[in-house]
Amino acid sequence: MFGLMDGFLKNDPVSLQKDIVYHVEYTVARSRFSFDDFEAYQALSHSVRDRLIERWHDTHQYFKKKDPKRLYFLSLEFLMGCSLSNSVINLGIRDQYVDALGQLGFEFEVLAEQEGDAALGNGGLARLSACQMDSLATLDFPAWGYGLRYQYGLFRQIIVDGFQHEQPDYWLNFGNPWEIERVQVSYAVKFYGTVEEEVSNGSNYKVWIPGETVEAVAYDNPIPGYGTRNAINLRLWAAKPSGQYDLESYNTGDYINAVVNRQKAEIISNVLYPDDRSYQGKELRLKQQYFFVSASIQDIIRRFKDVHDNFDEFTEKIALQINDTHPSLAIIEVMRVLFDEEHLGWDKAWDIVCKIFSFTTHTVQPEGLEKIPVDLMGSLLPRHLQIIYDINYKFMEELKKKFGQDYSRHARMSIVEEGAVKSIRMANLSIVCCHKVNGVSRVHFELLKTRVFKDFYDLWPLKFQYKTNGVTQRRWIVVSNPSLCAVISKWLGTEAWVRNIDLLAGLRDYASDADLQQEWRMVKKINKMRLAEYIETLSGVKVSLDAMFDVQIKRIHEYKRQLLNVLGIIHRYDCIKSMNESDRRKVVPRVCIIGGKAAPGYEIAKKIIKLCHAVAEKVNNDPGVGDLLKLIFIPDYNVSVAELVIPGSDLSQHVSTAGHEASGTGSMKFLMNGCLLLATADGSTVEIIEEIGADNMFLLGARVSEVPALRDQGASVRVPLQFVRVVRMVRDGYFGFKDYFESLCDTVENGKDFYLLGADFASYLEAQAAADLAFVNQEKWTRMSILSTSGSGRFSSDRTIEEYAEQTWGIEPCKCPF
Ligand code: 26Q
């Protein structure tokens, strides 16, 4: 017996089967006697969705009743990947579904492969948002995510003759069972127009008379926690034409044009901008940012007003987190609403704003900081520009009081940058208005304090903190590596580590145990087999499972130094070619795997991709090399590809030039999966070293503190002969495309080697040699691998989120009773 309040849905295999068949017939509208794998996937997803909705309702009902302080997490990017496997695991009903499907003649895994990734983000920052949503739900925090529902996610990468081409990601073409369209939840978002003065109750107010209105419609994506009934919401906004849109044309009788013009509104949420940190100041991007911010703030204030008649408790009930500066217009929007619309007065509105907003920066390079031309801001958001000027005026007054006439300091810290193109510095704006500014690793924090935001740190040292990034073990071990998950749970005697990652440290005691080592190697072998099959299907290249799988997967960028990796591979190839038979027998076979997308306008990154292919072509087809060396470029790298590749890797590379990677989160996923790291002491790696010990990884390269001096040396920096030789091979056309690779070679020679590939090359080769040596001794390697997993606990996003909750947001768990 169950009461209605327990929910309607049962999770025994027979009920699940009935549900799936129901959805085949009535949701997918196929005959229950004939449906294919994709239709079965759709029906299965809808049955899982029903269960998600039930928990979602209960959670929100409960949050409403308790009215706790809520966190609103604003991000322009979320890289959610696939939802099916993650959902059934977090809901705790995977086994039941496997049974139910088995009886219907389907295999769960096969159906799961039908799903495509939700790729509404670029890379690290976006996947971090997704991991953090999982942790917020699992830890029962009353949180909401807000983002944009891009019609096209991150471009698909296809490779033609070794060159990257971009294609649109039509991810919604086959429907999306994981979202719930809320046509009734929509808000008008306004742009352009003018600002006028109005007198009301004897006071003067500014009134914004907008020129264009677009409607934002909500799409809700339930995010289930693991081992809890809580399911939180990720609300994504889509742009639709509003009743107000282009009324002018209707009035002038141009009906056809008016209807056509209406469709233009939808452009706003059409496409995700690829991460191109030098690409700034585009009107559509600013429109996207404000569209998303305005709808979210209206929604948040509406929810608050549902239960409060004034703003007295606003700061006790709401924390707003902005993910990098991309959503920072939210700050100005709240100020505008409280001041212009709610008439709270400047001081009160400002006080509220400064208490509710916190901001995390993911950037290291000052050039990467977002700037918006004043002209653009003034035309699209005229009232917002005025408010920014008013805030800046007051801020400058404060600076004068504190630092007197130190004009160069004022100029550096001003929210408005004077210059050829007068611009708004969104990071300065965010620092001035937020109560906390967080970095994403300790090294990053040090760089923020001493370089990027030094002036601000001197002014407000207590505002600055850091929360080292983390990733969720639910997706990065439980979903993607079920065999490892089973071994861990068996040896720890519990599954509790899935919610309490610190328990993983318990594996340390067994790191040398022969039985665990054997099981550990078996898991790796199973995952390598899966990966090898994938590689063969993709490229036709058969790889040896005895080889070390050496992986570098991440966005292609000069600072991440995929080129260092490729030059290292060329060196290895060159060595193998010149060896005699007896030396060749000592070579540790390698399968080098590289994957990642280059921003469409980033020419050098695209050349690196082409070089990977040119080298692969030569090496993989050289009969004299055989299994000793293979190079595979995995196209269209995304979350699902990572889930397949990471568990099957032995070694992974994180070799950014020290001082350039704010944190890096890929390394944490590899660590959890027992892959050894070959890395520079950059970003979060410095903290990883502290957790697992330098002996258990392969470290290389200059340290953050050494980089400036090396750069200053320019052409006189010491570069090993091997480096000169491998670059020469590329330059001379050994891999073809001589002219095309010339400019790529120019980036690392003749004193122009900004990312210090030459300076770090000898150290890189030494680290690679140490990895070879360790791999020969499988007991030693396996021990290092077990110690990597057991030392990965600190890098769970659960820990990051607990820290944010306590030190930044001031929120407490609100657990929906079962
Ligand atoms: C900027 C202007 C116009 C269009 C797009 C952008 C844009 C979009 C995305 C700029 C930057 C990004 C993404 C940045 C990012 O992913 N940063 C990474 O964040 C990770 C999570 O904190 C860190 O681990 C990485 O070190 C950092 O590079």
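Author: Domain bounds here come from an automatic or database domain assignment. The model is predicted: local features need pLDDT of at least 70, side-chain atom pairs count only at pLDDT 80 or more, and totals for chains, interfaces and linings use all residues. Residues are numbered from 1 along each chain as its sequence is written.

Reader: How far apart are the C-alpha centres of domain 1 and domain 2?

Author: They lie 34 Å apart. The assignment gives domain 1 as 1-66 + 83-116 and domain 2 as 67-82 + 117-468 + 803-809.

Reader: What makes residues of domain 1 and domain 2 count as in contact?

Author: Their C-beta atoms, placed from the backbone, must lie within 7 Å. By that test, 23 residues of domain 1 are in contact with 20 residues of domain 2.

Reader: Which helix gives the most to the side of domain 1 that touches domain 2?

Author: That is α2, with 13 residues. Helices are DSSP runs (H or I, at least four residues) and strands are too (E, at least two), numbered from the N terminus. α2 spans 37-66.

Reader: Why are β7 and β10 called paired?

Author: Two strands pair if DSSP finds at least two bridges between them. β7 (residues 180-191) and β10 (residues 212-224) have 9 bridges, in the antiparallel sense, so they qualify. One of the links joins Glu181 to its bridge partner Tyr219 in β10.

Reader: And how many bridges join β10 to β11?

Author: There are 11, and these strands run antiparallel. Val217 has Ala238 in β11 as its bridge partner. In this hairpin, with 6 residues between the strands, Gly227 takes a positive phi near 65 degrees.

Terms used
Contact = placed C-beta atoms within 7 Å.
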